[in-house]
Amino acid sequence: MEQLKEILTEVNNVAVIGHVRPDGDCVGSCLGLRNYLELSAPELQVQVYLEPFPEAFSFLKGADTVSHDTADGNVYDLCIVLDASDKERLGGFAGYFDHAGKTVCIDHHVTNTGFAGLMHVRPECSATSEALYMLMDDAYVDRQVAECLYMGIVHDTGVFKHSNTTRATMEIAGRLIEKGIPFSEIIDRTFYEKTYKQNQILGRALTESVLFMDGTCIYSAVRQKDLDFYQVDTKELDGIIDQLRITKGVECAVFLYETAPQEFKVSMRSNNVVDVSRIAAFFGGGGHVRAAGCTMTGSVYDVLNNLSERIEMQLMDAGLR
Ligand code: 5GP
Ligand code: MN
Ligand code: MN
């Protein structure tokens with residue numbers, strides 16, 4: 001695919017779906033696409049479906065039009081899936097995908113399983129928002145579209161610092177800045193700003209973090225009782241894994257939070273050698289070489305034992321153990 005308009009022929013209505021537990025790139029790309037289609041193809045009916053997302057993203061145009069309804073009975077000519085590497089990532093919205101006339105997936109995960117009718121997967125792109133911009137006609141990228149895509153790129157690159165940031169990323173970000181977006185505010189308000197209780201749980205997670213494998217790895221786990229105590233939602237835990245990753249001497253960081261009794265959402269980050277996407281994919285998840293995740297069951301120690309076995313294999317292959 002060279003341009004988005006190629007997939008829009010003979011299409012009257014479109015469902016746009018992101019992944020479960022939507023992050024900045026997911027929300028940014030879904031709303032960016034919605035706002036772009038409103039300008040470039042005004043005759044199209046577009047509905048975005050997403051799970052509830054962080055309040056900080058709600059300033060984006062179209063945020064108030066997002067549906068959380070998993071079964072509203074609507075059937076679409078086209079379903080566009082953004083930032084999701086496999087069908088399980090669609091969660092409750094998979095029905096819209098299954099019943100749509102045509103399906104397209106625009107994504108940037110190396111672990112993408114190729115589940116849609118038409119696949120546009122660009123692992124070289126820092127964010128789905130970046131891959132999406134490349135499919136757009138810049139003439140229809142207004143300030144509101146730019147705000148969405150910029151936010152997506154900012155989040156997946158950790159404000160242009162992760163190794164997925166390329167010259168193309170910076171050039172596209174530059175073009176988006178030229179649209180007159182309040183970029184400093186987007187970065188501060190959606191990425192760095194934390195509520196008091198978010199800071200408290202970050203502090204707790206760092207205090208309780210544990211180095212293992214001679215300090216090459218670190219983990220921290222947040223249980224349901226901690227979430228209850230600090231009254232934080234699992235949507236508000238962003239940033240904890242990033243802080244763990246930059247601990248001096250650490251190659252691989254693991255963050256767990258409890259989603260149900262004996263069930264944990266796992267986030268992994270690595271700095272130089274460990275391909276965490278392989279580990280996540282092994283346990284049924286996916287992601288990128290330096291950032292990946294999955295869901296695992298058992299106690300914290302079961303989960304860590306299983307993960308550290310796979311991490312250690314890679315550290316040994318790299319001669320680090
Ligand atoms: P995070 O740790 O920030 O939740 O996710 C890091 C990366 O891994 C993101 O690109 C995200 O899409 C991917 N990821 C996280 N959890 C899962 C999962 O359960 N399944 C898959 N396929 N990818 C995941
Ligand atoms: Mn994502
Ligand atoms: Mn992404």
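**Close-up views of a predicted model**

**View 1. Protein donors of the manganese ion (ligand 2) in a predicted model.** The manganese ion (ligand 2) has as its protein donors His 19 (NE2), Asp 23 (OD), Asp 23 (OD) and Asp 83 (OD), at 2.1 to 2.7 Å. Donors are N, O and S atoms within 2.8 Å of the metal (3.2 Å for Na, K and Ca), and sites may look incomplete because water is not among the atoms. Along the chain the donors of this ion have the spacing H-x3-D-x59-D. The manganese ion (ligand 3) is 3.7 Å from the manganese ion (ligand 2), and Asp 83 coordinates both. Asp 23 and Asp 83 link distant parts of the chain, 60 residues apart: Asp 23 is in the loop between strand 1 (13–17) and helix 1 (24–40), and Asp 83 is in the loop between strand 3 (78–82) and helix 2 (94–99). Helices (H or I, at least four residues) and strands (E, at least two) are DSSP runs, numbered from the N terminus. Asp 23 is partly exposed, at 25% relative accessible area, whereas Asp 83 is buried, at 1%. Buried means under 20% relative accessible area, exposed over 50%, and partly exposed in between (1.4 Å probe, protein chains only).

The model is predicted: local features need pLDDT of at least 70, side-chain atom pairs count only at pLDDT 80 or more, and totals for chains, interfaces and linings use all residues. Residues are numbered from 1 along each chain as its sequence is written, chains are lettered from A and ligands numbered from 1 in the order in which they are written, and side-chain values use heavy atoms, with hydrogens and water left out.

**View 2. Helix 1 and a salt bridge within it.** Helix 1 has 17 residues, of which 14 are buried. From first C-alpha to last it reaches 23 Å, close to the expected 24 Å, a span taken as 1.5 Å times one less than the number of residues. Arg 34 and Glu 38 lie 4 residues apart in this helix, about one turn. An α-helix has 3.6 residues a turn, so residues three or four places apart point the same way. The two side chains form a salt bridge, with the closest N and O atoms 3.3 Å apart; the term means a side-chain nitrogen of Lys or Arg within 4 Å of a carboxyl oxygen of Asp or Glu. Arg 34 is buried, at 12% relative accessible area, and Glu 38 is partly exposed, at 37%.

**View 3. The salt bridge of Glu 312 and Arg 321.** These side chains meet at 2.7 Å, N to O. Glu 312 is partly exposed, at 27% relative accessible area, and Arg 321 is partly exposed, at 38%. Elsewhere, salt bridges that share partners join Arg 204, Glu 208, Lys 225 and Asp 226 into one network. The count of salt bridges comes to 16.

**View 4. An aromatic cluster of Tyr 49, Tyr 76, Phe 93 and Tyr 96.** The whole structure holds 14 aromatic pairs. Rings of Phe, Tyr and Trp (its six-membered ring) pair if their centres lie within 6.5 Å; planes under 30 degrees apart count as stacked, over 60 as edge-to-face and the rest as tilted. The rings of Tyr 49 and Phe 93 have centres 5.9 Å apart and planes at 40 degrees, so this pair is tilted. Tyr 49 is in strand 2 (residues 45–49) and Phe 93 is in the loop between strand 3 and helix 2, 44 residues apart. Tyr 49 is buried, at 0% relative accessible area, and Phe 93 is buried, at 3%.
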